[in-house]
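Good morning, colleagues. I should like to take you through one chain this morning, from its overall order down to a few individual residues. Please keep the sequence and the model in view as I speak.

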Amino acid sequence: MSEAPAAATSAVVQADARAGLAAGGFDEPRFTRNEADGQFSACVLRALVSTTADPDPQDTARLAAEMKRRGWTRTGFWAEDGMQMLSLRKSPWTLDIGGGTVLKDQPALPEGGLPQDFTGLVLSMADRDCLDRVHARPSP
């Protein structure tokens, strides 16, 4: 009987994201944890990767291929009007990668907004098991 693969850790997820981004020709990401996530901040990791223009779907496809090689399963993809969203899963983590231009007043950015419009990729990673544990804790 074969054993199930070990659950991915935050360090593995970050290494996988870096490798996927490099395969797509993207720059190094800036990983952050947002204290605005409150008790869930230990379970959620975000990153930004700036680009000079809206990310090319072919570059995102190379990123997705590298993530698949590293054991991630694609759970969704769409591209429309210069925006794109790639969703992946590697237990217990989910990874959503949005690409395009986000206006400075949109709340979708990891830092809760930037002083200027942002063009590039926004990565949102969540440890689903951690989220479930935090959610199950009794409120103070």
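Let me begin with a term: a strand here is a DSSP run of E of at least two residues, and strands, like helices, are numbered from the N terminus. In that sense K90 belongs to strand β4, and I shall return to this lysine later. Please bear in mind throughout that the model is a predicted one.

First, the overall arrangement. Three helices and six strands make up the secondary structure of the chain. Their order along the sequence is α-β-β-α-β-β-β-β-α. Of the 140 residues in the chain, 40% are buried. If we take contacts between residues at least 6 apart in sequence, 55% of them link residues at least 24 apart. The accessible surface of the chain is about 8,200 Å², and carbon and sulfur atoms account for 51% of that.

I turn now to helix α1, which covers residues 10-23. How far apart are its end C-alpha atoms, and what should 14 residues span at 1.5 Å a residue? The expected span is 20 Å, and the end C-alpha atoms are 20 Å apart, so the two agree. The buried residues of this helix are V13, Q14, D16, A17, A19, G20 and L21. A general point helps in reading that list: an α-helix has 3.6 residues a turn, so residues three or four places apart point the same way. The cover over the buried residues of α1 includes two elements early in the chain, β1 (30-32) and β2 (44-50). It also includes α2 (57-69), β4 (83-90), β5 (93-102) and β6 (118-127). After α1 comes G25, which has a positive phi, near 80 degrees.

Next, the interior. The largest nonpolar core contains 21 residues, and the ones with the most contacts inside it are L63, L95, I97, L121, L123 and M125. At least two residues of this core come from each of α1, β2, α2, β4, β5 and β6. Apart from this core there is another, of six residues, including C43, V44, C130 and L131. To take one member of the 21-residue core, L63 touches G20, L21, G24, F26, L86, I97 and L121, with residues up to four places away in sequence not counted.

The strand pairing deserves attention, and β6 is a good place to look. Is β6 largely enclosed by the rest of the structure or largely open? Eight of its 10 residues are buried, so β6 is largely enclosed. On one pairing, β2 and β6 run antiparallel and are joined by seven bridges; within β6, S124 stands opposite R46. On the other, β5 and β6 are also antiparallel, with 10 bridges between them. There, G100 has G120 of β6 as its bridge partner.

Let me now return to K90 in β4. Is this lysine buried or exposed? Its relative accessibility is 18%, and because the cut-off for buried is under 20%, K90 counts as buried. The side chain of K90 reaches the backbone oxygen of R70 at a distance of 2.8 Å. Beyond its neighbours within four places in sequence, K90 contacts A8, V12, D16, R70, G71 and W72.

One of those contacts, D16, sits in helix α1. D16 is buried, at 4% relative accessible area. With neighbours within four places in sequence set aside, D16 contacts M67, R70, W72 and K90. A contrast is offered by another lysine, K68, in helix α2. K68 is exposed, its relative accessible area being 65%. Between K68 and D16 there are 9.9 Å, C-alpha to C-alpha, and the two are 52 residues apart in sequence.

Finally, two points of backbone geometry in the loops. The loop between β4 and β5 holds P92, and the peptide bond from S91 to P92 is cis, with omega near 5 degrees. The loop between β3 (73-80) and β4 holds D81. This aspartate is not a glycine, yet D81 has a positive phi of about 50 degrees. D81 is exposed, with 74% relative accessible area.

Thank you for your attention.

Note on methods
Residues are numbered from 1 along each chain as its sequence is written. This is a predicted model: local features need pLDDT of at least 70, side-chain atom pairs count only at pLDDT 80 or more; totals for chains, interfaces and linings use all residues. Side-chain values use heavy atoms; hydrogens and water are left out. Helices (H or I, at least four residues) and strands (E, at least two) are DSSP runs, numbered from the N terminus. The expected span of a helix is 1.5 Å times one less than its number of residues. Buried means under 20% relative accessible area, exposed over 50%, partly exposed in between (1.4 Å probe, protein chains only). Contact means heavy atoms within 4.5 Å. A nonpolar core is a set of buried Ala, Val, Leu, Ile, Met, Phe, Trp, Tyr and Cys residues joined through side-chain atoms within 4.5 Å. Accessible areas come from the Shrake-Rupley method with a 1.4 Å probe; for residues, only the protein chains shown count as cover. Two strands pair if DSSP finds at least two bridges between them. A polar contact is a pair of N or O atoms within 3.5 Å; within protein, one must be able to donate a hydrogen and the other to accept it, and residues adjacent in sequence count only if both atoms are side-chain atoms.
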